[in-house]
Protein chains: 6
Amino acid sequence: MADWLTSLQTETPQQGFELALLLARKGVAYTQTSAEVRERLRPEYAENADSLTMASQVVAIHFQTVAAANGYWR
Amino acid sequence: MADWLTSLQTETPQQGFELALLLARKGVAYTQTSAEVRERLRPEYAENADSLTMASQVVAIHFQTVAAANGYWR
Amino acid sequence: MADWLTSLQTETPQQGFELALLLARKGVAYTQTSAEVRERLRPEYAENADSLTMASQVVAIHFQTVAAANGYWR
Amino acid sequence: MADWLTSLQTETPQQGFELALLLARKGVAYTQTSAEVRERLRPEYAENADSLTMASQVVAIHFQTVAAANGYWR
Amino acid sequence: MADWLTSLQTETPQQGFELALLLARKGVAYTQTSAEVRERLRPEYAENADSLTMASQVVAIHFQTVAAANGYWR
Amino acid sequence: MADWLTSLQTETPQQGFELALLLARKGVAYTQTSAEVRERLRPEYAENADSLTMASQVVAIHFQTVAAANGYWR
């Protein structure tokens, strides 16, 4: 896979949160490498409350990592 | 998305908890960008015990991050 | 919401555990604000083994935070 | 509830693991206070692989806390 | 239960990973003490993708603990 | 099992993410040792949104460990 992650440093917490989102999606993309399939699955979970909560949880775990990497932007 | 997260610092633990709630919701909102759909899904999980527990878990993970960012408000 | 969390410090580990329980419940209460609905859902999960395990997991995550905040009461 | 948790310190990692088990069970017991109901639910999850994995996960989270509290028994 | 955990220290990361596996299995074994029942449940989850992912998650949590205990084998 | 994990150190965050993926897969492979069975289960979860989210979560947990082991590549 081409370079997509060269640093965990971000300028703001919000950019860190968006990096956490990217990490969560990459975790899916490495397992299901077909963008077409991922797109097909999207409506299934984007309209299911529990699926969204589960997705939000993965973001939360990655945000812990990114926040620690940035010294919590203090 | 407009700026919504400029700092993880809060004045009190309770404000930190409320920031954790915001982070959990934003994790959903970035995936399901339609506020109308999110509103439609709300009754589905707000009246389901396991869905509420799962939502509470995401808050708990974010609260770990926010609490660490604030030196546990000691 | 009225003040309910002014500190993560507790005198004993057991009080810390009980604070973790409160935090887990508050995570639910902020999402389902009706105490009447929460009460109605209670039997559903209090008699389901997996629901109880999930609830216990949220407490475990919060207890990590509270324990760290208290220097593990050493 | 009577005193059941006065310290997170244990002499050995194994005692720490057993304390983690106790913490996981207490997380259930505070929610389902009836020992009779908990006993009735036991066969349900003790013979279900996923339920056992979920229970093992809660122990794992508490063991992180207990291990940190003991400086990893180094 | 006989002594099975006297230290979290391992010589290599791989031994640490294998210790994490042991911890995950012990979390199950303390709840379902019958080896015969555990053996009977094995095919159920060893051929179910989600069950395997859940089991892998418990290992991941324990590996965090073991890795920290070993200073990440740096 | 042959040596597959000699260090948690990686040169870049992306290599660290890929190591986290390997760790997640190894957690499965130790439980389901048959590569043939794992291959057979693959379509089941690779086309299920929630299964992919769960897999991504295990990667997220391991990435926390790997990132910490590498001082967040700062």
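**Notebook: starting from F:Gln57**

I began at F:Gln57 in this predicted model and listed its contacts. Setting aside neighbours within four places in sequence, I found F:Gln57 in contact with A:Met54, A:Gln57, A:Val58, A:Ile61 and E:Gln57. So which helix of chain F holds F:Gln57? I looked it up: F:Gln57 is in helix 3, which covers residues 49–69 of chain F.

Next I asked myself whether F:Gln57 is buried or exposed. Its relative accessibility is 9%, and because buried means under 20%, F:Gln57 counts as buried.

**Chain A on its own**

I then turned to chain A, which supplies several of those contacts: A:Met54, A:Gln57, A:Val58 and A:Ile61. I noted 3 helices and 0 strands in chain A, and along the sequence the pattern reads α-α-α. I wrote down the box that the C-alpha atoms of chain A fill, taken along the principal axes: roughly 40 × 30 × 15 Å.

How much of chain A is buried? I got 64% of its 74 residues. I also checked the contacts in chain A with a separation of 6 or more, and residues 24 or more positions apart account for 64% of them.

For the surface, I have about 3100 Å² exposed by chain A, with carbon and sulfur atoms supplying 48% of it. Then I looked at charge: chain A has 6 positive and 8 negative side chains. The centres of these two sets lie 4 Å apart.

**Chains B and C**

What rotation superposes chain C on chain B? I recorded 60 degrees, with 0.0 Å of shift along the axis and an RMSD of 0.0 Å. That is the relation of a six-fold axis. I also wanted to know which C-alpha of chain C is nearest the axis; it belongs to C:Ile61, at 6.9 Å from the axis. The copies use different surfaces, I noted, as 14% of the contact residues of chain C recur in chain B.

Last, I went through the contact between these two chains. I have 35 residues from chain C and 26 residues from chain B taking part. Between them, chain C and chain B bury about 2600 Å², and 62% of that area is on carbon and sulfur atoms. Which three residues supply more than any other three of the area that chain C buries against chain B? My entry reads C:Tyr30, C:Thr31 and C:Met54, which together supply 22% of it.

How values were computed
Residues are numbered from 1 along each chain as its sequence is written. Chains are lettered from A and ligands numbered from 1 in the order in which they are written. This is a predicted model: local features need pLDDT of at least 70, side-chain atom pairs count only at pLDDT 80 or more; totals for chains, interfaces and linings use all residues. Side-chain values use heavy atoms; hydrogens and water are left out. Helices (H or I, at least four residues) and strands (E, at least two) are DSSP runs, numbered from the N terminus. Buried means under 20% relative accessible area, exposed over 50%, partly exposed in between (1.4 Å probe, protein chains only). Contact means heavy atoms within 4.5 Å. Accessible areas come from the Shrake-Rupley method with a 1.4 Å probe; for residues, only the protein chains shown count as cover. Lys and Arg count as positive and Asp and Glu as negative; His and the chain ends are not counted. The place of a charge is taken as NZ of Lys, CZ of Arg, CG of Asp or CD of Glu. Copies are superposed by least squares on the C-alpha atoms of residues with pLDDT of at least 70 in both. Buried area is the accessible area (1.4 Å probe) that two parts lose on being put together, summed over both.
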